[in-house]
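Work through the exercises below with the coordinates open. Try each task before reading its solution.

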Amino acid sequence: MSLKYDVLVVGAGISGCIFAMSAARNGAKVLLVERKNEIAAPLRGGEAFCKPFFDLLAEEMPFLKTVPKWELSGTKMVLEKFEILNKEPKWLAYMLERRVFEKTLAIEAVKSGCEILLASTFRGFIYNKGLATAAIVDTPDGRKKITARVFVGADGYASKVRSVLGLKQFSKDLGTAIEIEMAGAKLSTEEYIQIFVGQVPGGYAYIFPKGGGRVATGVGMRPLIEAGKKKTPIEYFNLLKNEIPELHSQLQNAVALEIKGGCIDLEGPIAAVHKNILLVGDAANQSFAYVGEGILPGMVAAQIAGEAAAQYIKNNDLIILKNYEKDFLASEIGKEVLHTAEIKDAINFVLASNKSKEYKQFFTALLEMEIIDCSKAAVKETMKNNTVQELVELAKVKIKENNFSVEIIQR
Ligand SMILES: Cc1cc2nc3c(=O)[nH]c(=O)nc-3n(C[C@H](O)[C@H](O)[C@H](O)COP(=O)(O)OP(=O)(O)OC[C@H]3O[C@@H](n4cnc5c(N)ncnc54)[C@H](O)[C@@H]3O)c2cc1C
């Protein structure tokens, strides 16, 4: 094994593999180091991917078309007294077979010329004149010093690279989730995502159908909002599975195939460029904060960062690396990352108000689905509506005005 590369990437998850592929395709010699013994096992995260963006990416990366998936043609938000069915493009989704998806990305990275070192854990950097010159990695062959000119932390929400850089490892607003893949569910629909809002303050329970009675189900929550309640996502899930009639009836005979859990930092993107050390994906909080989804933004950021790293190898100008962050945040998906952090902040504002539980439920659903603008002024103006019924009427007007494909149904 060589100990000298152009680029060393820590973490062979989705962001790491896309980064590596992008840098290698642009001429860089890349090594991915991954602490697990197998790519994509165990899995941490979920599998929902916005359909229109997946289709766009698959035009650029045709190998994505080979990943098995289940198509969902809308999202149903279930509140105590209402259902909101949203068929706007953003709320259409594919459920990807994530294990196959991640392995496909790793295979493509290898085809592009990258090397992967499994069971190898990044520990720290060696610096010379302010730049990192080598990474210390514990490999099955012992501790190695691997030199490179660019280093990348694609090592997820608990990023070691982030902590070695001296950055705060977790913000206060850490989302936590449990996701269970089950077979044998008796679903009322395999066409729509079902999100149950209201029982978990600031979070939700969900069913994402995967076809043939298979589902990804679970609870995503925000301990920041939950303060004092002290329930874990699995405790909530076990409780709500019995308490929410629709969850109970659909899942009562279902059997777990896989349990995944993990976190995602919802505070919004952090500085991603530190001279010749870059952060991508969850390591840089590049996610859609209001729903805790990071696959798509991580892929887009990694693609941009990979190209920048390869350019830097050719031109040796640190400004090229610096531009990665600017270019990502200026991209459509980067702007969406910033926007979703604003939506999440608006949701926080509503949740902290003294309105009733039912009012907050409905208001936050409208914010998430972008039926109501998330700017401070718009939120304050909307709050002048005192009752849920007034909010419903306002929402109906907005839906009509904007020709949204959204239906509000009284339960
Ligand atoms: C329960 C749950 C459900 C989710 N559902 C969705 C969803 O439906 N849709 C969506 O878009 N997002 C979802 N997310 C978020 C999504 O999973 C993440 O945004 C995504 O995995 C980020 O990819 P990544 O490559 O940046 O990081 P990761 O997937 O975390 O990959 C990081 C990799 O780095 C490796 N690593 C870590 N430390 C080291 C080290 N020191 N040395 C070497 N290797 C290291 C890890 O083993 C891992 O392979 C969910 C998250 C959770 C927890």
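The exercises that follow use a predicted model.

**Exercise 1. Helix H1: length and burial**

Task: Check whether the span of helix H1 (residues 14–25) fits its number of residues, then decide how far H1 is enclosed.

Solution:
1. Count the residues. H1 has twelve.
2. Apply the rise. At 1.5 Å a residue, taken over one less than the number of residues, the expected span is 16 Å.
3. Compare. The end C-alpha atoms of H1 are 16 Å apart, which agrees.
4. Test burial with the cut-off of under 20% relative accessible area. Eleven of the twelve residues pass, so H1 is largely enclosed by the rest of the structure.
5. Name the buried residues. They are Ile14, Ser15, Gly16, Cys17, Ile18, Phe19, Ala20, Met21, Ser22, Ala23 and Ala24.
6. Find the cover. It includes strands S1 (7–10), S2 (30–33), S12 (150–153) and S19 (277–279), along with helices H3 (98–111) and H8 (295–315).
7. Look past the end. Gly27 follows H1 and has a positive phi, near 105°.

**Exercise 2. The six-stranded sheet**

Task: Give the strand order of the open sheet of six strands and name its edge strands.

Solution:
1. Trace the order. It reads S8-S2-S1-S12-S19-S18, and the pairing is mixed.
2. Take the edges. Strand S8 (115–117) and strand S18 (273–274) each pair on one side only.
3. Examine the S8 edge. S2 and S8 pair in the parallel sense, over three bridges.
4. Set the register. Val33 stands opposite Leu117 in S8.

**Exercise 3. The eight-stranded sheet and its helices**

Task: Find the edges of the open sheet of eight strands, then place helices H11 and H13 against this sheet.

Solution:
1. Trace the order. It is S17-S13-S16-S15-S14-S5-S6-S20, with mixed pairing.
2. Take the edges. Strand S17 (255–265) and strand S20 (406–410) each have a single partner strand, so one side of each lacks a neighbour in the sheet.
3. Note the twist. It averages 15° from one strand to the next.
4. Pick an inner pair. Strands S5 (residues 75–78) and S14 (residues 193–197) run parallel and are joined by four bridges. Met77 stands opposite Ile195 in S14.
5. Place H11. This helix packs on the sheet and touches S5, strand S6 (82–86), S14 and S20. Its direction makes about 0° with that of S6.
6. Place H13 (residues 388–401). Helix H13 also packs on the sheet, touching S6 and S20, and its direction makes about 155° with that of S20.

**Exercise 4. Helices H10 and H11**

Task: Are H10 and H11 roughly parallel or roughly antiparallel, and which residues make the contact?

Solution:
1. Take the geometry. The axes of H10 (residues 332–351) and H11 (residues 357–368) come within 10 Å and cross at roughly 170°.
2. Apply the cut-off. Angles over 145 degrees count as roughly antiparallel, and H10 and H11 are therefore roughly antiparallel to each other.
3. List the contact. H10 gives Ile343, Ala346, Ile347, Val350 and Leu351; H11 gives Lys360, Phe363, Thr364, Leu367 and Glu368.
4. Sort by class. Seven residues are nonpolar, one is polar and two are charged.

**Exercise 5. Ile372**

Task: Is Ile372 buried or exposed, and what does it touch?

Solution:
1. Locate Ile372. The residue lies in the loop between H11 and helix H12 (376–382).
2. Classify Ile372. Its relative accessibility is 3%, so it counts as buried.
3. List the contacts. Leaving out residues up to four places away in sequence, Ile372 touches Phe363, Leu366, Leu367, Thr382 and Leu394.

Definitions and conventions
Residues numbered from 1 in each chain as written. Predicted model: local features only at pLDDT ≥ 70, side-chain atom pairs only at ≥ 80, totals over all residues. Heavy atoms only, no water. Helix = DSSP H or I, 4+ residues; strand = E, 2+ residues; numbered from the N terminus. Buried < 20%, exposed > 50% of the residue type's maximum accessible area, 1.4 Å probe, protein only. Contact = heavy atoms within 4.5 Å. Pairing = 2+ DSSP bridges. Axes fitted to C-alpha atoms, helices over the stretch in contact; angles between N-to-C directions. Parallel < 35°, antiparallel > 145°, perpendicular 65-115°, else oblique. Nonpolar A, V, L, I, M, F, W, Y, C, P; charged D, E, K, R; others polar.
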